[in-house]
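Work through the exercises below with the model open. Try each task before you read its solution.

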Amino acid sequence: MARVPVRRTTGSPRATAAAPPVGLDFALDRSSPVPLYYQLAQQLESAIQRGVLGSGSLLGNEVELAGRLGLSRPTVRQGIQSLVDKGLLVRRRGVGTQVVHSQVKRPLELSSLYDDLETAGQSPTTQVLHNETEPASAEAAAALGITEGSGVHRVERLRLTRGEPVAALCNYIPEGLLDVDTARLESTGLYRMMRAAGITLHSARQSVSARSATPDEAERLHEPAGAALLTMQRTAYDDTGRAVEYGTHIYRASRYAFEFQLLVRS
């Protein structure tokens, strides 16, 4: 098992001041049919996802890694390149290979982004951008099963992890259903607030798609204009079949992914 010192930087990914080294273990099985570059990439990705390698961590250059792991430089280069292609690592001239960020993987089930990020150890925070009661649009009214023009609470939030935006969320909640307090929205998730109010979430209808970011969306999410975004629309229902929330969300594809579990029917 090889142990590789990893330097951690503070602040943004462009920071170069390093803290004392932190050891990182790699268990590479040279007798396995799985290529060594792939084993290296898998273990690096796992360390990033678990937060062992945080944003800004420095891995050193390929020559250093190859020497410490007893691997050839092309093997190390191939393993690192696979994570560069995924947007998890970046090569910086004069600095070495650096962790950009981890990608959040969210299972497609009835849970909130806040809960999923907290479970993944991502330390979620929230900025509430809008929280007002307004007449329901035709789209929101149809999703919630109410009359167009009826009162709905429209809540817009920016969800962040470790100070970096992950998603922009827009939710519509029927008026009178829930006390939608801004301070509570900034400290917890919407579904947690619903459960605390005695609302039992039972099911949801959801669609997932993708598109390019508009200039405003790109600026808000710290992405270049035209960057790939994941989109989700969801209507959630309580145990009586009543629609209690309609959401339209956008996610940074570079930092976020949906996971599917597929079952084979016999």
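**Exercise 1.** Find how many bridges join β7 to β8, and which way the two strands run.

*Solution.* Start with the count: 11 bridges join β7 to β8. Next, the direction: the two strands run antiparallel. Now check one pair: Gln127 stands opposite Leu158 in β8. Keep in mind that this is a predicted model.

**Exercise 2.** Follow β8 to β9 and describe the hairpin.

*Solution.* β8 and β9 run antiparallel, joined by 10 bridges. Glu156 stands opposite Cys170 in β9. Two residues lie between the strands of this hairpin. There, Arg162 takes a positive phi near 50°.

**Exercise 3.** Explain why β8 is largely enclosed by the rest of the structure.

*Solution.* Buried means under 20% relative accessible area. Nine of the 11 residues of β8 are buried, so the strand is largely enclosed.

**Exercise 4.** Place the strands in their sheet and name the edge strands.

*Solution.* Six strands make an open, antiparallel sheet, ordered β7-β8-β9-β12-β11-β10. β7 (124–135) and β10 (201–212) are the edges, as each pairs on one side only. From one strand to the next, the twist averages 15°. Within the sheet, nine bridges join β11 to β12. Met232 stands opposite His249 in β12.

**Exercise 5.** Determine what lines the second largest pocket.

*Solution.* The volume of this pocket is about 190 Å³. β8, β9, α8 (215–221) and β12 each supply at least two lining residues. The lining includes Glu156, Cys170, Met232 and His249. Sort the lining by class: six residues are nonpolar, two polar and four charged.

Methods
Residues numbered from 1 in each chain as written. Predicted model: local features only at pLDDT ≥ 70, side-chain atom pairs only at ≥ 80, totals over all residues. Heavy atoms only, no water. 1 Å grid on protein atoms, 1.4 Å probe; cavity = no way out; pocket = protein on both sides within 12 Å on 5 of 7 lines; lining within 4 Å. Points joined across faces, edges and corners; volume = space filled by probe spheres on them. Helix = DSSP H or I, 4+ residues; strand = E, 2+ residues; numbered from the N terminus. Nonpolar A, V, L, I, M, F, W, Y, C, P; charged D, E, K, R; others polar. Pairing = 2+ DSSP bridges. Axes fitted to C-alpha atoms, helices over the stretch in contact; angles between N-to-C directions. Buried < 20%, exposed > 50% of the residue type's maximum accessible area, 1.4 Å probe, protein only.
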